[in-house]
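The exercises below ask you to read burial, contacts and backbone geometry from a structure. Work through each task with the coordinates open before turning to its solution.

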Amino acid sequence: MCFCTMNCLRQKTQIKKYRYKKDGGEKLIKIEIPNYKTLELEYLVLDYNGTIALDGEIRDSVRERLVKLSKDLQIHVLTADTHGTAEKMCEGLPLKIQTFPTDGALDEKLSVVEKLGADRCAAFGNGRNDKLMCRASALAVAVMEQEGMCGRLLGEADVCTRSIEDALDLLLCPKRLVATLRG
């Protein structure tokens with residue numbers, strides 16, 4: 001269920017959420033965006049610090065959204081783990097976490113997205129090391145939280161949001177995404 005009003009369910013829409021098992025039991029969200037493209041997303045790839053976490057901490061509101069999204073998407077958190085808290089903060093959440101050395105995160109994040117299948121990924125980030133994964137992904141969301149956002153990331157993003165909650169809500173209530181991206 002999305003966080004927006006029940007209009008998402010009552011209105012005729014181009015949005016279809018499918019849960020199906022394909023080979024290994026993958027999940028899928030399909031969003032048809034008129035005069036843009038149709039997204040068939042299996043994976044949500046998230047940066048950690050500055051995107052889902054502030055100063056190494058994940059807010060409860062973000063945790064709740066991640067749990068809801070995990071019913072429709074496989075969630076991956078990719079991080080250089082600046083504060084050293086990512087694994088502990090992600091305990092109990094339905095996601096996979098990968099950490100990388102600080103100097104290799106840009107290429108490592110891209111590699112993960114390519115291995116998952118970039119055309120099936122939504123990538124959310126805020127930093128320079130998120131640039132390549134966002135460029136490659138089917139949907140790229142730049143998140144502007146208190147830590148700021150790398151200005152050059154904006155050129156790779158389909159959408160820019162003012163918070164991670166707003167970004168996650170684009171997938172929980174996809175009519176917002178359709179309204180932003182339709183032609």
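A residue counts as buried when its relative accessible area is under 20%, and by this cut-off I164, E165, A167, L168, D169, L170, L171 and L172 are buried in helix α6. The model used throughout is a predicted one.

**Exercise 1. Describe the overall make-up of the protein, and state how much of it is buried.**

Step one is to list the secondary structure, which comprises seven helices and nine strands. Step two is to consider burial over the chain: of the 183 residues, 52% count as buried. Step three turns to contacts between residues at least 6 apart in sequence, of which 55% join residues at least 24 apart.

**Exercise 2. Determine how helices α2 and α6 are arranged, and which residues make their contact.**

Begin with the axes: those of α2 (residues 60–69) and α6 (residues 164–172) come within 10 Å and cross at roughly 20°. Angles under 35 degrees count as roughly parallel, and therefore α2 and α6 are roughly parallel to each other. The crossing in which α2 passes α6 is left-handed. On the α2 side the contact is made by S61, V62, R65, L66, K68 and L69, while α6 contributes I164, E165, L168, D169, L171 and L172. Sorted by character, the residues of this contact comprise seven nonpolar, one polar and four charged. As a last step, consider how covered α6 is: eight of its nine residues are buried.

**Exercise 3. Work out the surroundings of T79 and of N49, and find the backbone nitrogen that each side chain reaches.**

Start with T79, which lies in strand β5 (residues 74–79). Its relative accessibility is 1%, so T79 counts as buried. The side chain of T79 reaches the backbone nitrogen of D81 at 2.7 Å. Leaving out residues up to four places away in sequence, T79 touches Y48, N49, A86, I97, Q98, T99, F100 and K109.

Now follow the contact to N49, which sits in the loop between β4 (43–47) and α2. N49 has a relative accessible area of 10% and is therefore buried. Its side chain reaches the backbone nitrogen of G56 at 3.4 Å. With residues up to four places away in sequence again set aside, N49 touches G56, T79, D81, T82, H83, N126 and E147.

**Exercise 4. Compare D81 with N35: what is the phi of each, and is each residue buried or exposed?**

First take the general expectation, which is that most residues other than glycine have a negative phi. D81, although not a glycine, has a positive phi of about 55°, and N35, likewise not a glycine, has a positive phi of about 60°. Next locate them: D81 is in the loop between β5 and α3, whereas N35 is in the loop between β2 (28–33) and β3 (37–41). Finally, apply the accessibility values: D81, at 17%, counts as buried, while N35, at 71%, counts as exposed.

**Exercise 5. Establish where P94 lies and which residues P94 contacts beyond its sequence neighbours.**

P94 is placed in the loop between α3 (86–90) and β6 (96–99), and with a relative accessible area of 37% it is partly exposed. Setting aside neighbours within four places in sequence, P94 is in contact with L66, V67, S70 and I75. P94 and K68 are 26 residues apart in sequence, and their C-alpha atoms are 9.5 Å apart in space.

Conventions. Residues numbered from 1 in each chain as written. Predicted model: local features only at pLDDT ≥ 70, side-chain atom pairs only at ≥ 80, totals over all residues. Heavy atoms only, no water. Helix = DSSP H or I, 4+ residues; strand = E, 2+ residues; numbered from the N terminus. Buried < 20%, exposed > 50% of the residue type's maximum accessible area, 1.4 Å probe, protein only. Polar contact = N/O pair within 3.5 Å; in protein donor to acceptor, adjacent residues only side chain to side chain. Contact = heavy atoms within 4.5 Å. Axes fitted to C-alpha atoms, helices over the stretch in contact; angles between N-to-C directions. Parallel < 35°, antiparallel > 145°, perpendicular 65-115°, else oblique. Left-handed = near helix turned anticlockwise from the far one by under 90°. Nonpolar A, V, L, I, M, F, W, Y, C, P; charged D, E, K, R; others polar.
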